[in-house]
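Here is a short briefing to read alongside the sequence and the model. Have both open, and follow the topics one by one.

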Amino acid sequence: AGRCVVAVDGPSGSGKSTVSRRLAAGLGARYLDTGAMYRALTWAVLRSGVDLTDAGSVAKVAGEVDLRIGTDPQGYAVTADGVHVEKEIRGPEVTGAVSAVAAVPAVRELLVARQRQLIEAAGRIVVEGRDIGSVVAPDADLKVYLTASETARAQRRSAEDAADVAATAADLARRDKLDSTRKVNPLQQAPDAVVLDTTELGIDEVVARLRELLTERG
Ligand code: C5P
């Protein structure tokens, strides 16, 4: 099988991670969670103690941290300076700070370049994020934009995190706003992306639909 890059973008709670991981496993492809990269970098920034609103200092930490991420769809490892941060990057501190860190242009430049290298090395890969179809892999074989109603997204996320639905809804709304209004590479639908509303769809249905689309495209 030759090169095949699938770009999956969309807001938090749209089902991106579960769908992307399953699709990759089914295709025998690699999987890249770009959100985990922004989260791991945010963990390093928080640990360094620099002021989050100071873009220069944030960029400096980003340039110095040794960030590594695996691309195995069965379970990937993320390390920052050799420390495993898989658990920490899902916690409230990182979730609260990640959109601010991800808005720093130098951070995006660095991570986008890293993501392109990982995609190139993998050849066959499903990549999920916010700007994959629009910026990271504009030549992807298939671009998908997943959406779901705000209520459905908040319910999914709060079930995953065992958190309160109202608090989760507020956090999602806050991050969506930051992610879609930032100046550099905001969350956006690539003009050639297939839009799938997953509010009423199960994960298996979404994955099956994406496999159909891939087959149609040869
Ligand atoms: O996908 P996830 O919710 O883990 O992403 C965490 C945050 O990382 C997003 O809210 C966004 O601020 C940032 N992000 C981004 N670009 C990507 C992936 C994630 O800015 N490609």
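Leaving out residues within four places in sequence, Gly13 is in contact with Ala148, Arg153, Ala154, Arg156, Arg157 and Leu172. Please keep in mind that this is a predicted model. The topics below start with the loop that holds Gly13, between E1 and H1.

**The loop between E1 and H1**
- Gly13 counts as buried because it has 28 C-beta neighbours inside 10 Å, and 20 or more are enough for that class.
- Gly10 sits in the loop between strand E1 (4-9) and helix H1 (16-27).
- Gly10 is buried too, with 25 other C-beta atoms within 10 Å.
- Once residues up to four places away in sequence are set aside, Gly10 touches Lys16, Tyr145, Leu146 and Thr147.
- In UniProt, an unreviewed entry carries the annotation "binding site" for Gly10, Pro11, Ser12, Gly13, Ser14, Gly15, Lys16, Ser17 and Thr18.

**The annotated domain**
- UniProt, again in an unreviewed entry, lists residues 6-213 as "domain: Cytidylate kinase".
- The C-alpha atoms at the two ends of residues 6-213 lie 11 Å apart.
- Helix makes up 53% of that span and strand 15%.

**Around the ligand**
- There are 13 residues around the ligand, and Gly35, Tyr38, Ala102, Gly129 and Arg130 come nearest.
- Sorted by class, the shell around the ligand has 3 nonpolar, 5 polar and 5 charged residues.
- At least two residues of the shell come from each of H2, H4 and helix H8 (165-181).
- H2 gives the most to the shell, with 4 residues.

**Helix H4 and its cover**
- In helix H4 (residues 92-102), the residues Val94, Val98, Val101 and Ala102 are buried.
- These four lie on the same side of H4, because they cover an arc of only 80° around the axis.
- The cover over the buried residues of H4 includes helix H2 (34-48), helix H3 (55-64) and helix H5 (105-122).
- Ala102 links two topics here: it is one of the buried residues of H4, and it is also among the residues that come nearest to the ligand.
- H2 likewise turns up twice, as part of what covers the buried residues of H4 and as a source of residues for the shell around the ligand.

**An open sheet of 3 strands**
- The 3 strands form an open sheet in the order E3-E4-E5, with antiparallel pairing.
- Strand E3 (67-69) and strand E5 (83-84) are at the edges with a single partner strand each, so one side of each is left without a neighbour in the sheet.
- In general, strands of a sheet pair through backbone hydrogen bonds, either parallel or antiparallel.
- E3 pairs with strand E4 (residues 78-80) in the antiparallel sense over 3 bridges.
- Arg68 has Thr79, in E4, as its bridge partner.

**Ala140 and its surroundings**
- Ala140 is found in the loop between helix H6 (132-136) and strand E7 (142-147).
- Is Ala140 buried or exposed? Ala140 is buried, because 22 other C-beta atoms lie within 10 Å and the class begins at 20.
- Not counting residues up to four places away in sequence, Ala140 touches Val5, Val6, Ala7 and Gly133.
- Ala140 and Leu41 are 99 residues apart along the chain, and their C-alpha atoms are separated by 25 Å.

Technical notes: Residues numbered from 1 in each chain as written. Predicted model: local features only at pLDDT ≥ 70, side-chain atom pairs only at ≥ 80, totals over all residues. Buried ≥ 20, exposed ≤ 12 C-beta atoms within 10 Å, placed from the backbone. Arc of directions from axis to C-beta. Contact = placed C-beta atoms within 7 Å. Near = placed C-beta within 6 Å. Nonpolar A, V, L, I, M, F, W, Y, C, P; charged D, E, K, R; others polar. Pairing = 2+ DSSP bridges. UniProt positions renumbered as here; feature names shortened; annotations may be inferred.
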